[in-house]
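Here are a few exercises to work through with the model open in your viewer. Try each task before reading its solution.

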Amino acid sequence: MNQEKSEVCFCTLALGKRYRSHAFLLAQDIEKHSPGMYLIVLTDKPQEFKKHPNVLAFKHEQQSIGCYHDKRFVIAKAISLFNTCIFVDADIRILDKLQPDIKWLPGITARSCTSIVKHNQEYINSVNDAHKANRIRDLDILSKLAQKLELDLEDTNIQFVMEMLFVVTRQNGDEIEFLKHWETIALYCELNGFYGAEGYAIGLAAAKAGLPVRWDAMEGIVYFKDWVEYQKIKKGQANPDETLIYFQQHEAIEYRQNSIFQKLVRKLNKFTGYYYRSLCLRLATLSNFNFYYR
């Protein structure tokens, strides 16, 4: 099914000055290459996006401890407004026009995904012995979670989804169930100290909701992501001169100098925010005590 421009949007999460700065550049890219297409942004300071007419910015305060699972709120808002949403990390750059003939099938389309079985093997083998115990602990948490969800982690149809770039298209309300299951999974993982599990959460929630996950090269979306481009350059697949400006702009934001006072305020906010969100997490999970604590 062909998606009209009015049915498709980009969306991202931009909390804090650093990610808002990245999102400003992303908004400019989309306005330049795909005029008329909206970028949905969930952010702590939506008023800062008023100068970007192609941005629909909504107030959001961090909910999850590690922030990673807050991406589900972005998807929820975007998919409530558009038939298809293209989630991108705030520091991704869009380098060309979104191809108008892209066909987005119902469900999830991922630029990078693999079976959880395969990913788990790579997950263990990618670290040295000093960190392997933590990886094994994470996989033990996932194994217990899968049992509670009545899912088989050995099922090669259950996918790990790289969350930097993926697309969600409505499928008769299954996308709503997907988001509900993502919340359940997010709470369980964070309760057990596994904060960066959103790639797993997407795949498990999709499997539970009956939402298909498909891999697609997404050649119609020309983008820049710093570590992806580094890998291409390292393999001789890209010319570093062509993306130098994007590296420079990215690093100017990432390594911006802050005053001592700003650093202290940031650390204090991080400290108090962690304990506040931890308390909220405990309270939220008590409503389903058997699932989360037994």
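**Exercise 1: the faces of two helices**

Task: in this predicted model, find which residues of helix H8 are buried, and work out how they sit around the axis.

Solution. Start with the list: H8 covers residues 244–254, and its buried residues are Tyr246, Phe247, His250 and Ile253. Next, look down the axis of H8: the buried residues fall within an arc of 130°, so they line one face of the helix. The spacing fits a general rule: an α-helix has 3.6 residues a turn, so residues three or four places apart point the same way. Finally, ask what this face meets: the buried residues of H8 pack against helix H1 (17–33), S5, strand S11 (223–224) and helix H7 (226–234).

Now repeat the steps for helix H3, residues 116–125. Its buried residues are Ile116, Val117, His119, Asn120, Tyr123 and Ile124. They cover an arc of only 160° around the axis, which puts them on the same side of H3.

**Exercise 2: an arginine in a strand**

Task: decide whether Arg93 is buried or exposed, and say what it touches.

Solution. First place the residue: Arg93 lies in strand S5, which covers residues 93–94. Then check the accessible area: the relative value for Arg93 is 8%, and buried means under 20%, so Arg93 is buried. Now go through the neighbours. Leaving out residues up to four places away in sequence, Arg93 touches Leu25, Asp29, Val222, Tyr223, Phe224, Tyr246 and Gln249. With Gln249 there's also a polar contact between the side chains, at 2.5 Å. Tyr246 ties this back to the first exercise, as one of the buried residues of H8.

**Exercise 3: reading the sheet**

Task: give the strand order of the seven-stranded open sheet and name its edge strands.

Solution. Walk across the sheet and you get S3-S2-S1-S4-S9-S6-S10, with mixed pairing. The edges are strand S3 (55–59) and strand S10 (213–215), each pairing on one side only. From one strand to the next, the twist averages 25°. Zoom in on one pair: S1 (residues 8–14) and S4 (residues 84–88) run parallel and are joined by four bridges. Cys9 has Cys85 in S4 as its bridge partner.

**Exercise 4: the whole chain**

Task: compare the radius of gyration of the protein chain with that of a compact globule.

Solution. For 294 residues, a compact globule would come out near 19 Å; the protein chain has 19 Å, so the two agree. The C-alpha trace spans about 55 × 50 × 40 Å along its principal axes. As for burial, 48% of the 294 residues count as buried.

Methods
Residues numbered from 1 in each chain as written. Predicted model: local features only at pLDDT ≥ 70, side-chain atom pairs only at ≥ 80, totals over all residues. Heavy atoms only, no water. Buried < 20%, exposed > 50% of the residue type's maximum accessible area, 1.4 Å probe, protein only. Helix = DSSP H or I, 4+ residues; strand = E, 2+ residues; numbered from the N terminus. Arc of directions from axis to C-beta. Polar contact = N/O pair within 3.5 Å; in protein donor to acceptor, adjacent residues only side chain to side chain. Contact = heavy atoms within 4.5 Å. Pairing = 2+ DSSP bridges. Axes fitted to C-alpha atoms, helices over the stretch in contact; angles between N-to-C directions. Rg over C-alpha atoms; globule rule 2.2 N^0.38 Å.
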